[in-house]
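Visitor: Could you take me through this model, one question at a time, and give the reasoning behind each answer?

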Amino acid sequence: MYDVCIAGAGVAGATLAREAARKGLKVLLVDKSRQEKVGDKVCGDALGSHHLERLRLTLPSETYFSIYPGIEIYSPDMHTCLSVVAEGLSAYALNRLEFGQFLLKLALDAGCEFKPETQARGLIVEQGCVKGVRLVGKNGVKQDVYAKVTVDATGASRVLSRELQKVGFDQELDDDETLVCYREILETRTTPPLPAIYLDMDEAPGGYFWVFPEGEGRVNAGLGVAKGSANPKLLFRKWVDKLPCLKDNIVGVVHRGGGIVPARRPIDSAVWNGFIAVGDAAFMVNPLHGGGIGSSMTGGFLAAKVVAEALERGCVDEESLWGFNTEYMRSYGFKQASLDVFRVFLQGLNNELINYGLAQGLIKSGDLLEASMGGSLRLNITEKASRFFAGIGKPGFLMKLNRTVKLMEDFRQFYVDYPPHRWFDEWRIKVRGFHKRVHEEVGRAS
Ligand SMILES: Cc1cc2nc3c(=O)[nH]c(=O)nc-3n(C[C@H](O)[C@H](O)[C@H](O)COP(=O)(O)OP(=O)(O)OC[C@H]3O[C@@H](n4cnc5c(N)ncnc54)[C@H](O)[C@@H]3O)c2cc1C
């Protein structure tokens with residue numbers, strides 16, 4: 001019997017495996033991929049250095065292409081560009097495969113056992129508690145593995161969490177919370193100096209287009225759109241024809257593919273009896289920019305701590321694992337919740353309003369950075385801007401923006417005050433009601 005069995009050796013699963021093994025636990029990590037392919041994920045490959053600092057992780061040079069001091073954000077009409085840069089902050093353009101291999105090696109070096117080419121197919125549930133996982137290995141060989149705690153780290157597919165839907169564990173993603181992405185890695189003649197994000201509610205509805213340089217002569221470009229709004233692959237070609245940094249600049253395609261990002265607040269609770277979900281499987285993604293590598297690693301790190309403590313106490317029921325919810329919500333989840341309100345507001349805007357808002361400087365780049373880092377948004381509403389929006393017949397826009405900021409603060413506090421296990425049902429009802437109100441008051445329908 002293992003102490004912990006983790007399905008999925010992505011950034012969340014590998015981090016958890018390493019930390020748990022370092023604490024002396026008997027850990028099994030499984031992944032459906034071949035060992036040399038672990039880490040090979042369709043991704044934007046960008047990671048803020050602050051995540052690594054928090055985890056005290058230093059990256060070897062082969063795990064990244066370059067480091068950037070910031071990012072540019074363009075308005076739909078391209079007339080306004082916010083340069084989001086701050087002293088001491090930087091972003092890594094990761095070599096995603098090498099980065100994944102590095103995390104896996106750390107886990108293996110810490111003593112975790114690894115089974116590649118092994119799919120988690122289902123949970124073993126006995127007497128209201130998860131007791132392990134049903135695996136299918138190479139050549140279809142089936143195996144049941146028992147563990148004191150089983151972890152779903154299978155990413156956006158949430159293979160194991162979905163099974164617990166009948167006990168109220170898993171939550172479905174709404175379409176507006178699901179970013180459907182298409183991405184290509186391109187060889188280019190010249191490379192833009194900074195990563196860039198392009199907003200456009202017509203050509204990247206509910207999301208954005210990105211161009212992230214990966215060293216000299218290579219860019220990672222793609223877009224995410226709200227599910228059901230458009231076909232991202234078709235829109236991708238339009239962007240390539242439109243953007244000067246891509247048009248007539250591409251010499252080859254290194255890789256192309258798609259993926260899903262769960263862009264929303266975290267799952268209400270990520271634990272059940274003998275069970276934890278981490279990373280994308282527990283919606284641990286920044287809903288504003290869709291980045292989930294750093295927060296998923298944080299999730300893995302915190303989960304290992306809570307599991308080790310629970311095992312030491314000799315009990316792994318839902319209440320004993322509850323500390324994972326509390327710790328995650330207070331370290332990152334509160335920020336996701338607050339930014340989720342802003343996402344709902346943004347998705348309800350059209351290009352005209354985004355153009356005006358950015359041109360009027362309603363949100364400065366420093367404030368945007370602060371919001372992305374801490375979940376609180378400061379506005380810069382001047383008399384001139386008020387007159388301007390009244391003049392274009394949108395006086396209600398600023399009120400809605402102000403309301404958004406207030407709701408962000410309130411929602412943030414809900415998660416900072418994450419409840420003990422016994423008050424969860426009450427909290428969950430309030431959160432769902434609050435989320436509904438956010439849509440009604442500042443979303444598309446408002
Ligand atoms: C197009 C795109 C662009 C993105 N860009 C960025 C970005 O620039 N920066 C950022 O921070 N985040 C980005 N993200 C999000 C980020 O990739 C995820 O949030 C992060 O990888 C989540 O980590 P994870 O470990 O939960 O899941 P994953 O990294 O997806 O890992 C899941 C692992 O589980 C394995 N697995 C799946 N099913 C099974 C099964 N049944 N049995 C066994 N193993 C299984 C998979 O093989 C995989 O190794 C992007 C996502 C997409 C789709």
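The questions below go from the domains to the ligand, and then to single strands, residues and a helix.

Guide: This is a predicted model, in which local features need pLDDT of at least 70 and side-chain atom pairs count only at pLDDT 80 or more, while totals for chains, interfaces and linings use all residues. Residues are numbered from 1 along each chain as its sequence is written.

Visitor: Into which domains is the protein chain divided, and what distance separates the centres of domain 2 and domain 3?
Guide: Domain bounds come from an automatic or database domain assignment. The chain is divided into domain 1 (2-64 + 94-174 + 267-334), domain 2 (176-262) and domain 3 (337-442). Taken over C-alpha atoms, the centres of domain 2 and domain 3 are separated by 26 Å.

Visitor: How many residues does each of domain 2 and domain 3 give to their contact?
Guide: Two residues are in contact if their C-beta atoms, placed from the backbone, lie within 7 Å. On that basis, the contact takes seven residues from domain 2 and, from domain 3, five residues.

Visitor: Where does the ligand lie with respect to the domains?
Guide: A residue is near the ligand if its C-beta atom, placed from the backbone, lies within 6 Å of it. Of the 42 residues around the ligand, those that come nearest are Gly10, Gly44, Gly259, Gly279 and Gly292. Because domain 1 and domain 2 both give residues to this shell, the ligand lies between domain 1 and domain 2.

Visitor: How do the residues of the shell around the ligand divide by class?
Guide: Ala, Val, Leu, Ile, Met, Phe, Trp, Tyr, Cys and Pro count as nonpolar, Asp, Glu, Lys and Arg as charged, and the others, Gly among them, as polar. With these classes, the shell divides into 19 nonpolar, 17 polar and six charged residues.

Visitor: Which residue of E8 is the bridge partner of Leu29?
Guide: Helices (H or I, at least four residues) and strands (E, at least two) are DSSP runs numbered from the N terminus, and two strands pair if DSSP finds at least two bridges between them. Strand E1 (residues 2-7) runs parallel to E2 and is joined to it by four bridges, with Ile6 opposite Leu29. On to strand E8 (residues 113-115), E2 has three bridges, again parallel. In E8, the bridge partner of Leu29 is Phe114.

Visitor: Is Cys5 buried or exposed?
Guide: A residue is buried if 20 or more other C-beta atoms lie within 10 Å of its own, exposed if 12 or fewer, and partly exposed in between, with C-beta atoms placed from the backbone. Cys5 lies in strand E1, and its contacts beyond four places in sequence include Leu28, Val133 and Val151. Since 26 other C-beta atoms lie within 10 Å, Cys5 is buried.

Visitor: What distance separates Ala308 and Lys23 in space?
Guide: Ala308 is found in helix H5 and is partly exposed, with 18 other C-beta atoms within 10 Å. Leaving aside neighbours within four places in sequence, Ala308 is in contact with Ala20, Lys23 and Leu25. Although Ala308 and Lys23 are 285 residues apart in sequence, their C-alpha to C-alpha distance is 7.1 Å.

Visitor: Which strand do the buried residues of H7 pack against?
Guide: In helix H7 (residues 351-359), the buried residues are Tyr356, Gly357 and Leu358. The buried residues of H7 pack against strand E6 (81-85).
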